Each structure stands twice: as structure tokens, then as C-alpha cells.
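Biologist: I'd like a close look at one part of this protein, a place where helices pack against each other. Could you take me through it slowly, and then show me what lies around it?

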Amino acid sequence: MIVRPHQHWFLSLFSWRGSVLPNIFSRLSLNFALSVSAVLLLPYYDSLGLHLTTAPFSLVGIAIAIFLGFRTNTSYARFNEARCLWGMLLITTRSISRQVQSILNDKADSLLAAQFLMAFSWSLKHQLRGTNAQTDLERLLPEPYLSEVLSSPLRTNRILLLLGEWLGQKYRAGQLSDIVWADIDKNLNEMAHIQGACERIANTPIPYAYGLILRRTVYLFCTILPFALVDDLRYLTPLISVFISYTFLSLEYVAEEIEEPFGTAPNDLALDAICTTIEINQLEMNDIRPLPSSMQPDPNYRLS
């Protein structure tokens, strides 16, 4: 996720780090080269009787803009839902930890519950990003729970199951009343819902053909555009063509990037930072010091 301090509106126009310009610069350079070629070849158009008009490009441009707007809204809806789910995970882990502490009133039990909750968040992060969670699980989970989780093909779900079984033992031992158990079980169900919803987003991308047709249309439009503008704009063609192409290419790039919100691209969710925040909350609620430092953006304003 890109996290930048507030800038004056004029200075933000020239921001390079954190923008999409570095990623689409080569494509804009190609459009600029085509625009220059169109200007240099202009004398030959008249001799060949070739004249492209801007009328069809105006109609196609409007259609592409509407399509891009719909695509961007769809991608952002996925991104926003993913962020809301992880925000709810932070709230739910706090609630379970508070319930365990206030009802059981045992430091060892409170710490074990916190370890389960921290391990769940880190394991879910690794699952969504397709990375190995073993190092974080070894850091957070005690034996024999660690061995059981590492041997499971569904580690995140196994952690939630072990947490539920452990709390169920407390309930059967009479340490939790029916009302308290029902409330805790509701929070456990909320964690299962969050996991399932994240898996749905991660495993159901926007249909490939949907994105492909938009990408082909945008790139074809930007390729032919200079040759339609050159008759009217002449030497201004490179400037106007690159500006129009920047609008379409940047929107297409951002939509493609945020449609998979759990990745490691610059504009994806900062899952490492969220997991660290959950860990800090759990350790602080158990009066454990020192606390880990909150993650900060790197020199390129990226928060992972």
C-alpha cells in the first residue's frame, strides 16, 4: 500500500515515487514514439490520400472510459471488501482476547489465546499471498499445537479449530457459562467468516476474458490515436496523445493491480502491517514488553 504524507496539490502533480508512472513509462514512451512517427510521416498521408478523423475515436474513447470506470469500480469494491475484512479481524481478535482475560482471569490462558489469535492472522496472510508461514508459526505457537498445525494442509483453519477446541474444554470444565460461550463462539464464527470471505476474493479473480478485451481495446486505441490526431494537431500530437494515453493506461493498470488486493504490488493491502498491529494489540493486552515496532513505509512510500 502506498502511504504518503499530505502534499500541496501542485507538488503532488510531479510525484514520481508512489505513482503508476514508473510502471507505464515504457508504454507511454512507445506512444510518444508513434506520435513523433505520425508527425514525420504526415507529408506522405496527403500523397497517399490517407485521412483519419477523430470522430470514431471520440465514440470509442467514450465507450472505453465507461468500461474502464466500471472495471475500476469492480476492482476497488474487491479491495475495499478485503480491507474491511481485515479491519474486522483486528476487532474480533481484540474481543476474544478481552473475553478470555476477563472471564478466565488466568495469565497463562490469556497468553495462549493471544498466541492462537496472532498465529491465525499471520497464517491467513501467508495463505492469501502463497508464502510459507512456518517461520511465523514457530515464533508464535507452542508445542504440541505447533506440530499439529505444521502437519496440516489447511493451517489457518487448523489454528481456528484448535482455538475452538481449547475454549470448548474450558466450557465443558465449567469455566465459561452458556451465555459467555455463546458470545465467544459468535466471534469464532466471525473469524471463520473472515477467512472464507478472503479465500473467496483470492480464489475468484475477475474473469480473464473481461480484462483481456479491455486491455486489447485500450492498447489498440492508444496505438492508432496519434495518426488520427496528427491532421489537426500537427506538432502538438505527441503531447496530446501521451496525455490521453496516460489517462487510459493508468486507469487500466490500477484496476488490474487492486483486483488482487492480497498481493505484494505497491497498491495492494499492507497485510504485514495489519498482522503486526494485531500482534502489538495482543501483546499489549497481555502486558508483554517490549512491543514490536509498528511497520513504517519504505523510502518509496510502500507499506507491505
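At what angle do α4 and α11 pack, and how far apart are their axes?

Modeller: Happy to, and bear in mind that this is a predicted model. In it, α4 and α11 pack at an angle of about 25°, with 8 Å between their axes. An angle under 35 degrees counts as roughly parallel, and the two helices are therefore roughly parallel to each other. The crossing of α4 past α11 is left-handed.

Now for the residues that meet there. From α4 you have Gly61, Ile64, Ala65, Leu68, Arg71, Thr72, Ser75, Tyr76 and Phe79, and they meet Phe248, Leu251, Glu252, Ala255, Glu256 and Ile258 of α11. Sorted by class, this contact holds 9 nonpolar, 3 polar and 3 charged residues.

Helix α11 has another partner, too. Helix α10, residues 208-233, packs with α11, residues 237-258, at an angle of about 170°, and their axes are 9 Å apart. That angle makes α10 roughly antiparallel to α11. The crossing of these two is right-handed. On the α10 side, the residues in contact are Arg215, Val218, Tyr219, Phe221, Cys222, Leu225, Pro226, Leu229, Val230 and Leu233; on the α11 side they are Thr237, Ile240, Ser241, Ile244, Ser245, Phe248, Leu249, Glu252 and Glu256. The class count here is 13 nonpolar, 3 polar and 3 charged residues. If you're clicking along, look at Phe248, Glu252 and Glu256: they appear in the contact with α4 and also in the contact with α10.

Back to α4, where Phe57 is a good residue to pick out. Phe57 counts as buried, at 15% relative accessibility. Setting aside residues up to four places away in sequence, Phe57 touches Phe221, Ile224, Leu225 and Ala228. Two of those, Phe221 and Leu225, are also among the α10 residues that meet α11. Leu30, by contrast, lies 27 residues from Phe57 in sequence and 19 Å away in space, C-alpha to C-alpha.

Further along α4 you come to Arg94. At 35% relative accessibility, Arg94 counts as partly exposed. Beyond its neighbours within four places in sequence, Arg94 is in contact with Asn281, Gln282 and Met285. Its C-alpha atom is 9.1 Å from that of Ala114, which is 20 residues away along the chain.

That leaves the nonpolar cores. In soluble globular proteins, nonpolar side chains tend to be buried together. Here the largest nonpolar core has 48 residues, and Trp86, Trp166 and Phe262 touch the most other members. The elements giving two or more residues to this core are α4, α5, α6, α7, α8, α9 and α12. Among these, α5 gives the most, with 10 residues. As for Phe262, leaving out neighbours within four places in sequence, the residues in contact with it are Ala82, Trp86, Leu128, Arg129, Cys198, Ile201, Ala202, Leu269 and Leu271. There is also a second, separate core of 16 residues, which includes Val20, Leu28, Phe57 and Leu68. So you've met two of its members already: Phe57, buried at 15% relative accessibility, and Leu68, one of the α4 residues in the contact with α11.

Notes:
Residues are numbered from 1 along each chain as its sequence is written. This is a predicted model: local features need pLDDT of at least 70, side-chain atom pairs count only at pLDDT 80 or more; totals for chains, interfaces and linings use all residues. Side-chain values use heavy atoms; hydrogens and water are left out. Axes are lines fitted to C-alpha atoms, for helices over the stretch in contact, and angles run from 0 to 180 degrees between N-to-C directions. Helices (H or I, at least four residues) and strands (E, at least two) are DSSP runs, numbered from the N terminus. Angles under 35 degrees count as roughly parallel, over 145 as roughly antiparallel, 65 to 115 as roughly perpendicular and the rest as oblique. A crossing is left-handed if the near helix is turned anticlockwise from the far one by less than a right angle, and right-handed if clockwise. Contact means heavy atoms within 4.5 Å. Ala, Val, Leu, Ile, Met, Phe, Trp, Tyr, Cys and Pro count as nonpolar, Asp, Glu, Lys and Arg as charged, and the others, Gly among them, as polar. A nonpolar core is a set of buried Ala, Val, Leu, Ile, Met, Phe, Trp, Tyr and Cys residues joined through side-chain atoms within 4.5 Å. Buried means under 20% relative accessible area, exposed over 50%, partly exposed in between (1.4 Å probe, protein chains only).
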